[in-house]
Amino acid sequence: MTREALVALLAAHEPADDEEAADLERMRAWAGTLERPFSREQPEAHFTASAIVVDEPAERTLLVHHRKSGSWFQPGGHFEPGDASAAEAALREAREETGLETRLGGPGLLDVDVHWVPWDEHYHLDLRFHVVASGVLAPDAADVAAVEWVSWADAFARIEEPALRRALAKLPTSGT
């Protein structure tokens, strides 16, 4: 992915609320100033890609229990050199963490979020995409403690992070 593609992706995104608008502005600024915006070696912050995953009938969403955080989140992570776009990075991360077959469920960026990662001591600038998945769960035990399909109600009951709740609520299938 190129810096130019990142700038265009962020320019086209419309935030859902004031919190997302503030995060989007921070991300737009960092997109222009970070020396290596996709590198996890970037000391202040770097861009990441995540998948807000639903099943084929859109009756459930997928949550991943991350080892380092001890919390339930969406699949996602760092860019790799071969990722041609943020969407491809999100699809790859979802496949790696869950073992499922993945495809984009929407035309573009679903949500953005800036969050502090205490164990890495820098910000993750997360680009979140709507992803549809199918197949048999085969989680990567190195990165995740568990992966579960959950109902929309269970997802909203389990998730405490406001930005992830916002991203889930953007999906027309979420029942909210």
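Student: Okay, buried means under 20% relative accessible area, exposed means over 50%, and partly exposed is in between. Where does E96 fall, buried, partly exposed or exposed?

Tutor: This is a predicted model, to begin with. In it, E96 has 40% relative accessibility, so it counts as partly exposed.

Student: Which residue does the side chain of E96 meet in a salt bridge?

Tutor: That's R92, with 3.2 Å from N to O. Both E96 and R92 lie in helix α3, four residues apart, or about one turn of the helix.

Student: Is R92 buried or exposed?

Tutor: R92 is buried, because its relative accessibility is 12%. R92 also forms a salt bridge with D83, where the closest N and O atoms are 2.8 Å apart. D83 is at 6% relative accessibility, so D83 counts as buried too.

Student: What lets side chains pair like that, in general?

Tutor: Side chains of opposite charge can pair when their charged atoms come close.

Student: Back to α3. How many residues does that helix have, and how far does it reach?

Tutor: Helix α3 covers residues 86–98, which is 13 residues. From its first C-alpha to its last it reaches 18 Å, close to the 18 Å expected at 1.5 Å a residue.

Student: How many of the α3 residues are buried?

Tutor: 10 of the 13, so the helix is mostly covered. Among the buried ones are A86, L91, E93 and T98.

Student: What about G99, just after α3? What does its phi look like?

Tutor: G99 takes a positive phi of about 80 degrees.

Student: Which residues other than glycine have a positive phi?

Tutor: Two to look at are A58, with phi near 60 degrees, and E121, with a phi of about 55 degrees. For background, most residues other than glycine have a negative phi.

Student: Where do A58 and E121 sit?

Tutor: A58 is in the loop between β1 and β2, and E121 is in the loop between β5 and β6. Their surroundings contrast: A58 is buried, since its relative accessible area is 18%, while E121 counts as exposed because it has 58% relative accessibility.

Student: New topic, pockets. How much space is in the largest pocket?

Tutor: About 750 Å³. It is lined by 30 residues, and H66, G76, G77, W119 and H124 lie nearest its centre.

Student: Which elements supply the lining?

Tutor: β1, β4, α3, β5 and β6 each supply at least two residues of it. That brings us back to helix α3 as part of the wall.

Student: And how does the lining divide by residue type?

Tutor: Eight are nonpolar, 10 are polar and 12 are charged.

Student: Back to salt bridges, then. How many does the structure hold?

Tutor: 18. One of them is between D111 and K170, at 2.8 Å from N to O. That pair links distant parts of the chain, with D111 in strand β5 and K170 in the segment after α5, 59 residues apart.

Student: Are those two ends buried or partly exposed?

Tutor: One of each. D111 is buried, because its relative accessibility is 0%, while K170 has a relative accessible area of 25%, so K170 is partly exposed.

Student: Which residues are linked with D111 and K170 in a network of salt bridges?

Tutor: The network also includes D17, E20, D113, D126, R128, E161 and R166.

Notes: Residues are numbered from 1 along each chain as its sequence is written. This is a predicted model: local features need pLDDT of at least 70, side-chain atom pairs count only at pLDDT 80 or more; totals for chains, interfaces and linings use all residues. Side-chain values use heavy atoms; hydrogens and water are left out. The expected span of a helix is 1.5 Å times one less than its number of residues. Buried means under 20% relative accessible area, exposed over 50%, partly exposed in between (1.4 Å probe, protein chains only). On a 1 Å grid over the protein atoms alone, a cavity is a set of points where a 1.4 Å probe fits but cannot get out, and a pocket is an open set with protein on both sides within 12 Å along at least five of seven lines; lining residues have an atom within 4 Å of a point. Grid points are joined across faces, edges and corners, and a volume is the space filled by probe spheres set on the points. Ala, Val, Leu, Ile, Met, Phe, Trp, Tyr, Cys and Pro count as nonpolar, Asp, Glu, Lys and Arg as charged, and the others, Gly among them, as polar. A salt bridge is a side-chain nitrogen of Lys or Arg within 4 Å of a carboxyl oxygen of Asp or Glu.
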